[in-house]
Amino acid sequence: MDVLHAPDHGHPAATRSRPEIVNARRMARIDNCSRHEYYAPSQRLEMDLKHIPLTGLPSTGLGLEVADQAVWYEPLQKYAVQCRIAEAVSAEVLLLPQEDGCLIRGKIRGRVVLPCNRCMEDTFYDLDHDFDEFEAFPGTSPGDDAPGSADLSPEESLVSMKDGLLFLDLASLLWEEFSLALPDKPLCKADCKGLCPSCGRNLNLGACGCSAESGDERLAVFRNMKVKRQA
Ligand SMILES: [Zn+2]
Ligand SMILES: [Zn+2]
């Protein structure tokens, strides 16, 4: 099935209130998810990861497996994150409907390459991230309609409503979780020696000439400073 040329079943009302969706190419098709239950094949093209229907979910939940790498590639490029996919990153998600929202339980597994925080060399990192999020349905949170309640503005919520049906922006949720799964300061090895601050040599490959003599380069300016003693 050639889903790439399927007509765009976008949701104009939803995209109007969320400008970022207008420019974002559709990240992935449901064709790249395996559906454990519920959705009939005829509905497949209606779904994409930015608009997962939440209305009428079975009470036991809906499980999805996301294998399409575009869900990571596109935001990695868009936000110029220094991270490459080394081995396919996959996500398993269980959508559990609640009275006033949806529990999203899932895990992200895969392997990425990041620059070492000290020496900038490629560093492999295994993603092993479990998450448990709750997205409230619009208008169901106490005080949601109260003026000044900033917790659940339409811009922040990943649940949108279109024609009385609720949709989850799963792509954005997965990207947030992917970002959380990345290490703050990846190291190629625990004792990485980093780069020489004066010549830039990777000190893991051996010492450079300048490191022994000059000491801390930030203090070098003081070394030749002459202090005039006042009479
Ligand atoms: Zn390093
Ligand atoms: Zn050096």
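Start with the contacts across the whole chain: among those with a separation of 6 or more, 57% join residues 24 or more positions apart. Keep in mind as you click around that this is a predicted model.

Next, colour by burial. Of the 231 residues in the chain, 23% come out as buried.

Now switch to cartoon and colour by secondary structure. You should find 6 helices and 8 strands. Walking from the N terminus, the elements go α-α-β-β-β-α-β-β-β-β-β-α-α-α, so to speak your route map for the next stops.

Select residues 52–53, 159–162 and 165–168. The first two ranges are strand 2 and strand 7, and the last is strand 8. Together these 3 strands make an open sheet, in the order 2-8-7, with antiparallel pairing. Strands 2 and 7 sit at the edges with a single partner strand each, so one side of each has no neighbour in the sheet.

Zoom in on strands 7 and 8. How many bridges hold this antiparallel pair? There are 4 bridges between strand 7 and strand 8. Show side chains here and look across the pair: Ser-160 faces Phe-167 in strand 8 as its opposite number, while Met-161 stands opposite Leu-166, also in strand 8. While the side chains are on, a general point: in a regular strand they alternate between the two faces of the sheet.

Last stop, the turn. Strand 7 and strand 8 form a hairpin, with 2 residues between them. Select Asp-163 in that turn and check its backbone: phi is positive, at about 55°.

Notes
Residues are numbered from 1 along each chain as its sequence is written. Chains are lettered from A and ligands numbered from 1 in the order in which they are written. This is a predicted model: local features need pLDDT of at least 70, side-chain atom pairs count only at pLDDT 80 or more; totals for chains, interfaces and linings use all residues. Two strands pair if DSSP finds at least two bridges between them. A residue is buried if 20 or more other C-beta atoms lie within 10 Å of its own, exposed if 12 or fewer, and partly exposed in between; C-beta atoms are placed from the backbone. Two residues are in contact if their C-beta atoms, placed from the backbone, lie within 7 Å.
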